[in-house]
Amino acid sequence: MTQPVFDAHLHITDPAHPLVENNGFLPEAFTVDAYRERIQGLGIAGGAIVSGSFQAFDQGYLIDALKALGPTYVGVTQIPSDTSDEAIRDLHEAGVRAVRFNVARGGSAALDDLEWLARRVHDLVGWHAELYIDTRTIDEDLSRRIAALPAASIDHLGMHEDGLPNLLRLVEQGVKVKATGFGRVELDPAAVIEAIMHVDPTALMVGTDLPSTRARRPFQSDDFDRIAQAVAPEHASAVFWDNAAAFYLGQ
(Lines give C-alpha, C1' and ligand atoms only; values in the text may rest on other atoms or scores of the structure.)
Protein backbone atom coordinates (compact mmCIF):
# COMPACT_ATOMS: atom_id res chain seq x y z
CA MET A 1 0.00 0.00 0.00
CA THR A 2 1.16 3.54 -0.70
CA GLN A 3 -0.63 4.94 2.34
CA PRO A 4 -0.68 4.05 6.01
CA VAL A 5 -2.99 1.23 7.03
CA PHE A 6 -4.62 0.67 10.41
CA ASP A 7 -5.03 -3.06 10.87
CA ALA A 8 -8.34 -3.02 12.75
CA HIS A 9 -8.39 -6.77 13.44
CA LEU A 10 -5.43 -9.00 14.24
CA HIS A 11 -4.73 -11.78 16.70
CA ILE A 12 -1.56 -12.62 18.61
CA THR A 13 -1.11 -16.11 20.03
CA ASP A 14 1.77 -16.24 22.48
CA PRO A 15 2.59 -19.70 23.89
CA ALA A 16 3.97 -18.00 27.01
CA HIS A 17 0.36 -17.31 28.03
CA PRO A 18 -2.56 -19.68 28.70
CA LEU A 19 -4.93 -20.86 26.01
CA VAL A 20 -8.35 -22.47 26.37
CA GLU A 21 -9.67 -25.10 23.94
CA ASN A 22 -12.62 -23.86 21.91
CA ASN A 23 -14.66 -26.72 20.46
CA GLY A 24 -11.57 -28.88 20.82
CA PHE A 25 -9.37 -26.37 18.96
CA LEU A 26 -6.11 -24.76 20.06
CA PRO A 27 -4.31 -22.40 17.65
CA GLU A 28 -0.68 -22.48 16.64
CA ALA A 29 1.64 -19.77 17.91
CA PHE A 30 1.53 -16.41 16.14
CA THR A 31 3.77 -14.05 18.04
CA VAL A 32 4.39 -10.34 17.71
CA ASP A 33 7.56 -11.11 15.76
CA ALA A 34 5.63 -13.38 13.38
CA TYR A 35 3.04 -10.66 12.86
CA ARG A 36 5.69 -8.04 12.12
CA GLU A 37 7.33 -10.32 9.59
CA ARG A 38 4.04 -11.10 7.84
CA ILE A 39 2.95 -7.47 7.40
CA GLN A 40 6.19 -6.21 5.89
CA GLY A 41 5.44 -4.12 2.82
CA LEU A 42 1.74 -3.64 3.60
CA GLY A 43 2.06 -0.13 5.03
CA ILE A 44 0.54 -1.11 8.37
CA ALA A 45 1.37 1.52 10.99
CA GLY A 46 -1.10 0.67 13.76
CA GLY A 47 -3.81 -1.77 14.65
CA ALA A 48 -6.16 -3.47 17.08
CA ILE A 49 -5.13 -6.72 18.78
CA VAL A 50 -8.33 -8.71 19.31
CA SER A 51 -8.79 -11.38 21.98
CA GLY A 52 -9.92 -14.72 20.57
CA SER A 53 -12.25 -17.34 21.98
CA PHE A 54 -9.25 -19.50 22.87
CA GLN A 55 -7.84 -16.71 25.06
CA ALA A 56 -11.03 -16.29 27.09
CA PHE A 57 -10.38 -13.72 29.82
CA ASP A 58 -6.56 -13.86 29.86
CA GLN A 59 -5.07 -10.37 29.68
CA GLY A 60 -1.37 -11.18 30.03
CA TYR A 61 -0.78 -11.92 26.35
CA LEU A 62 -2.58 -8.72 25.36
CA ILE A 63 -0.63 -6.47 27.72
CA ASP A 64 2.67 -7.97 26.53
CA ALA A 65 1.72 -7.59 22.86
CA LEU A 66 0.67 -3.97 23.33
CA LYS A 67 3.98 -3.16 25.02
CA ALA A 68 5.87 -4.75 22.15
CA LEU A 69 3.90 -3.14 19.29
CA GLY A 70 3.75 0.36 20.72
CA PRO A 71 1.28 3.24 21.09
CA THR A 72 -0.38 3.04 17.67
CA TYR A 73 -1.73 -0.40 18.60
CA VAL A 74 -4.68 -0.91 20.93
CA GLY A 75 -6.37 -3.90 22.52
CA VAL A 76 -9.86 -5.35 22.12
CA THR A 77 -10.40 -7.58 25.11
CA GLN A 78 -12.86 -10.04 26.59
CA ILE A 79 -13.74 -9.50 30.24
CA PRO A 80 -16.30 -11.08 32.56
CA SER A 81 -19.21 -8.87 33.48
CA ASP A 82 -18.08 -8.65 37.10
CA THR A 83 -14.63 -7.22 36.29
CA SER A 84 -13.77 -4.48 38.77
CA ASP A 85 -13.52 -0.81 37.84
CA GLU A 86 -9.88 -0.87 38.92
CA ALA A 87 -9.07 -3.76 36.57
CA ILE A 88 -10.80 -2.01 33.67
CA ARG A 89 -8.85 1.19 34.33
CA ASP A 90 -5.61 -0.81 34.44
CA LEU A 91 -6.42 -2.37 31.07
CA HIS A 92 -7.18 1.06 29.66
CA GLU A 93 -3.83 2.31 30.90
CA ALA A 94 -2.21 -0.65 29.11
CA GLY A 95 -3.83 0.38 25.82
CA VAL A 96 -7.11 -1.53 25.68
CA ARG A 97 -9.88 0.44 23.98
CA ALA A 98 -12.80 -1.97 23.43
CA VAL A 99 -14.67 -4.95 24.83
CA ARG A 100 -15.52 -7.87 22.57
CA PHE A 101 -18.65 -10.01 22.53
CA ASN A 102 -17.76 -13.21 20.70
CA VAL A 103 -21.23 -14.43 19.84
CA ALA A 104 -19.99 -16.70 17.04
CA ARG A 105 -17.37 -18.63 19.02
CA GLY A 106 -17.89 -17.90 22.71
CA GLY A 107 -15.22 -17.18 25.30
CA SER A 108 -16.50 -13.68 26.08
CA ALA A 109 -19.15 -12.14 28.29
CA ALA A 110 -22.67 -13.24 27.40
CA LEU A 111 -24.85 -11.33 24.98
CA ASP A 112 -27.30 -10.87 27.86
CA ASP A 113 -24.69 -8.56 29.41
CA LEU A 114 -24.28 -6.51 26.23
CA GLU A 115 -25.96 -3.25 27.20
CA TRP A 116 -24.89 -3.24 30.82
CA LEU A 117 -21.23 -4.08 30.22
CA ALA A 118 -20.86 -2.00 27.05
CA ARG A 119 -22.31 1.08 28.74
CA ARG A 120 -20.30 0.49 31.87
CA VAL A 121 -16.91 0.39 30.12
CA HIS A 122 -17.87 3.32 27.90
CA ASP A 123 -18.87 5.46 30.86
CA LEU A 124 -15.80 4.42 32.84
CA VAL A 125 -13.01 4.67 30.26
CA GLY A 126 -14.61 5.44 26.86
CA TRP A 127 -14.39 1.95 25.36
CA HIS A 128 -16.64 0.80 22.54
CA ALA A 129 -18.15 -2.66 21.99
CA GLU A 130 -17.25 -5.09 19.22
CA LEU A 131 -19.39 -8.02 18.10
CA TYR A 132 -18.29 -11.12 16.27
CA ILE A 133 -21.74 -12.18 15.10
CA ASP A 134 -23.48 -13.59 12.06
CA THR A 135 -25.79 -10.72 11.16
CA ARG A 136 -28.45 -13.17 9.96
CA THR A 137 -29.10 -13.80 13.65
CA ILE A 138 -29.72 -10.15 14.53
CA ASP A 139 -33.44 -9.79 15.06
CA GLU A 140 -35.27 -6.50 15.54
CA ASP A 141 -34.77 -6.47 19.30
CA LEU A 142 -31.03 -7.15 19.14
CA SER A 143 -30.63 -4.62 16.34
CA ARG A 144 -32.24 -1.99 18.52
CA ARG A 145 -29.98 -2.92 21.43
CA ILE A 146 -26.79 -2.72 19.35
CA ALA A 147 -27.77 0.56 17.70
CA ALA A 148 -28.50 2.11 21.10
CA LEU A 149 -24.97 1.45 22.39
CA PRO A 150 -22.66 4.48 22.74
CA ALA A 151 -20.31 3.03 20.09
CA ALA A 152 -20.08 -0.38 18.42
CA SER A 153 -18.59 -2.30 15.52
CA ILE A 154 -19.31 -5.56 13.70
CA ASP A 155 -16.55 -7.99 12.67
CA HIS A 156 -15.94 -9.56 9.27
CA LEU A 157 -18.59 -7.69 7.22
CA GLY A 158 -21.32 -9.44 9.21
CA MET A 159 -20.29 -12.92 7.98
CA HIS A 160 -23.10 -13.77 5.53
CA GLU A 161 -24.74 -12.05 2.58
CA ASP A 162 -28.22 -12.86 3.89
CA GLY A 163 -27.46 -10.66 6.89
CA LEU A 164 -26.62 -7.61 4.77
CA PRO A 165 -29.97 -5.83 5.29
CA ASN A 166 -29.54 -6.18 9.05
CA LEU A 167 -25.96 -4.92 8.80
CA LEU A 168 -26.89 -1.88 6.73
CA ARG A 169 -29.63 -0.93 9.17
CA LEU A 170 -26.98 -0.80 11.87
CA VAL A 171 -24.62 1.21 9.66
CA GLU A 172 -27.40 3.74 9.13
CA GLN A 173 -27.46 4.18 12.90
CA GLY A 174 -23.71 4.74 13.33
CA VAL A 175 -22.34 1.22 13.84
CA LYS A 176 -18.90 0.59 12.32
CA VAL A 177 -17.94 -2.46 10.25
CA LYS A 178 -14.64 -4.26 9.72
CA ALA A 179 -13.73 -5.39 6.21
CA THR A 180 -11.81 -8.41 7.46
CA GLY A 181 -11.76 -12.19 7.33
CA PHE A 182 -12.46 -12.68 3.64
CA GLY A 183 -11.49 -16.34 4.05
CA ARG A 184 -14.24 -16.97 6.59
CA VAL A 185 -17.25 -15.12 5.17
CA GLU A 186 -20.15 -16.23 2.95
CA LEU A 187 -20.50 -13.11 0.83
CA ASP A 188 -18.94 -11.05 -1.94
CA PRO A 189 -16.66 -8.64 -0.04
CA ALA A 190 -16.63 -6.04 -2.82
CA ALA A 191 -20.42 -5.92 -3.04
CA VAL A 192 -20.83 -5.57 0.73
CA ILE A 193 -18.12 -2.91 0.92
CA GLU A 194 -19.80 -0.91 -1.84
CA ALA A 195 -23.15 -1.16 -0.04
CA ILE A 196 -21.65 0.04 3.23
CA MET A 197 -19.85 2.91 1.54
CA HIS A 198 -23.10 4.00 -0.07
CA VAL A 199 -24.72 4.26 3.37
CA ASP A 200 -21.84 5.73 5.38
CA PRO A 201 -18.24 6.11 4.13
CA THR A 202 -17.05 6.66 7.72
CA ALA A 203 -18.27 3.24 8.84
CA LEU A 204 -15.73 0.99 7.14
CA MET A 205 -12.40 -0.12 8.61
CA VAL A 206 -9.92 -2.65 7.21
CA GLY A 207 -7.87 -5.39 8.84
CA THR A 208 -5.86 -8.51 8.17
CA ASP A 209 -7.53 -10.98 10.57
CA LEU A 210 -4.05 -12.52 10.86
CA PRO A 211 -3.29 -15.32 11.41
CA SER A 212 -6.80 -16.16 10.13
CA THR A 213 -7.36 -18.95 12.63
CA ARG A 214 -9.90 -21.53 11.40
CA ALA A 215 -10.63 -19.55 8.23
CA ARG A 216 -10.97 -21.48 4.98
CA ARG A 217 -8.01 -19.51 3.71
CA PRO A 218 -5.68 -17.06 5.46
CA PHE A 219 -5.43 -13.35 4.77
CA GLN A 220 -3.82 -12.60 1.45
CA SER A 221 -2.01 -9.34 0.79
CA ASP A 222 -4.14 -8.68 -2.27
CA ASP A 223 -7.23 -8.58 -0.01
CA PHE A 224 -6.25 -4.95 0.57
CA ASP A 225 -6.20 -4.42 -3.21
CA ARG A 226 -9.74 -5.82 -3.42
CA ILE A 227 -10.87 -3.30 -0.82
CA ALA A 228 -9.12 -0.43 -2.59
CA GLN A 229 -10.84 -1.35 -5.85
CA ALA A 230 -14.25 -1.35 -4.14
CA VAL A 231 -14.00 2.17 -2.72
CA ALA A 232 -13.73 5.48 -4.56
CA PRO A 233 -10.19 6.93 -4.51
CA GLU A 234 -11.33 9.91 -2.46
CA HIS A 235 -12.39 7.53 0.34
CA ALA A 236 -9.24 5.39 0.40
CA SER A 237 -7.48 7.31 3.16
CA ALA A 238 -10.57 7.19 5.37
CA VAL A 239 -11.12 3.46 4.85
CA PHE A 240 -7.51 2.40 5.31
CA TRP A 241 -6.56 4.72 8.17
CA ASP A 242 -8.76 7.65 9.21
CA ASN A 243 -11.95 5.81 10.21
CA ALA A 244 -10.14 3.32 12.45
CA ALA A 245 -7.74 5.91 13.84
CA ALA A 246 -10.70 8.00 14.92
CA PHE A 247 -12.51 4.99 16.38
CA TYR A 248 -9.56 3.50 18.27
CA LEU A 249 -7.08 6.32 18.81
CA GLY A 250 -9.35 9.35 18.88
CA GLN A 251 -7.39 10.95 16.04
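Select Asp-155 to start: in this predicted model, its relative accessible area is 0%, so the residue counts as buried, the cut-off being under 20%. Asp-155 sits in the loop that runs between strand 6 (152-154) and helix 6 (164-172). Now show what surrounds Asp-155. With neighbours within four places in sequence set aside, the contacts are His-9, Arg-100, Glu-130, Leu-131, Tyr-132 and Lys-178.

**The sheet**

Next, switch to a cartoon view and select the strands. Eight strands make up an open sheet, in the order 1-2-3-4-5-6-7-8, with parallel pairing. Which strands stand at the edges? Strand 1 (5-10) and strand 8 (204-206) do; each has a single partner strand, so one side of each lacks a neighbour in the sheet. Going from one strand to the next, the twist averages 25 degrees.

Zoom in on strand 5 (residues 128-132) and strand 6. The two run parallel and are joined by three bridges. To find a matching position, select Ala-129, which stands opposite Ala-152 in strand 6.

**Salt bridges**

Side chains of opposite charge can pair when their charged atoms come close. How many salt bridges does a search of the whole structure find? The count is 13. Three of them follow as separate stops.

Begin with Asp-33 and Arg-36, whose closest N and O atoms are 3.7 Å apart in a salt bridge. Both belong to helix 1 (residues 32-38), and because they are three residues apart there, about one helical turn separates them. Colour the pair by accessibility: Asp-33 is exposed, at a relative accessible area of 55%, and Arg-36 is partly exposed, at 37%.

Move to Asp-85 and Arg-120. Their side chains meet in a salt bridge with an N to O distance of 2.7 Å. This pair connects distant parts of the chain, as Asp-85 is in helix 3 (residues 85-94) and Arg-120 is in helix 4 (residues 114-125), 35 residues apart. Is each partner buried or partly exposed? Asp-85 counts as partly exposed, with 34% relative accessibility, whereas Arg-120 is buried, with a relative accessible area of 17%.

Stay on helix 4 and select Glu-115 together with Arg-145. The salt bridge between these side chains is 2.6 Å, N to O. Here too, distant parts of the chain are linked: Glu-115 lies in helix 4, Arg-145 lies in helix 5 (residues 140-147), and the two positions lie 30 residues apart in the numbering. Glu-115 is partly exposed at 24% relative accessibility, while Arg-145 is buried, its relative accessible area being 14%.

Now go back to the first stop and select Arg-100, Glu-130, Asp-155 and Lys-178 together. Salt bridges with shared partners join these four residues into one network. Asp-155, a member of this network, is the buried residue in the loop after strand 6.

**Aromatic residues**

Show the rings next. Across the whole structure, a search finds seven aromatic pairs. One of them is Phe-224 with Phe-240, an edge-to-face pair at 5.9 Å centre to centre, with 85 degrees between the planes. The two rings come from distant parts of the chain: Phe-224 is in helix 8 (residues 222-230) and Phe-240 is in helix 9, 16 residues apart. Check the accessibility of both. Phe-224 is buried at 1% relative accessibility, and Phe-240 is buried at 1%.

Continue along helix 9 (residues 236-249) to Phe-247. What does Phe-247 form with Phe-6, Trp-241 and Tyr-248? The four make up one aromatic cluster. Phe-247 has 16% relative accessibility and so counts as buried.

Show the contacts of Phe-247, again without neighbours within four places in sequence. The list is His-128, Glu-130, Ala-151, Ala-152, Ser-153, Lys-176 and Met-205. Two residues here have come up before: Glu-130, which belongs to the salt-bridge network, and Ala-152, which stands opposite Ala-129.

For a last check, put a distance label between the C-alpha atoms of Phe-247 and Ala-191. The separation is 24 Å, for residues that are 56 apart along the chain.

Notes. Residues numbered from 1 in each chain as written. Predicted model: local features only at pLDDT ≥ 70, side-chain atom pairs only at ≥ 80, totals over all residues. Heavy atoms only, no water. Helix = DSSP H or I, 4+ residues; strand = E, 2+ residues; numbered from the N terminus. Buried < 20%, exposed > 50% of the residue type's maximum accessible area, 1.4 Å probe, protein only. Contact = heavy atoms within 4.5 Å. Pairing = 2+ DSSP bridges. Axes fitted to C-alpha atoms, helices over the stretch in contact; angles between N-to-C directions. Phe/Tyr/Trp six-rings, centres within 6.5 Å; stacked < 30°, edge-to-face > 60°.
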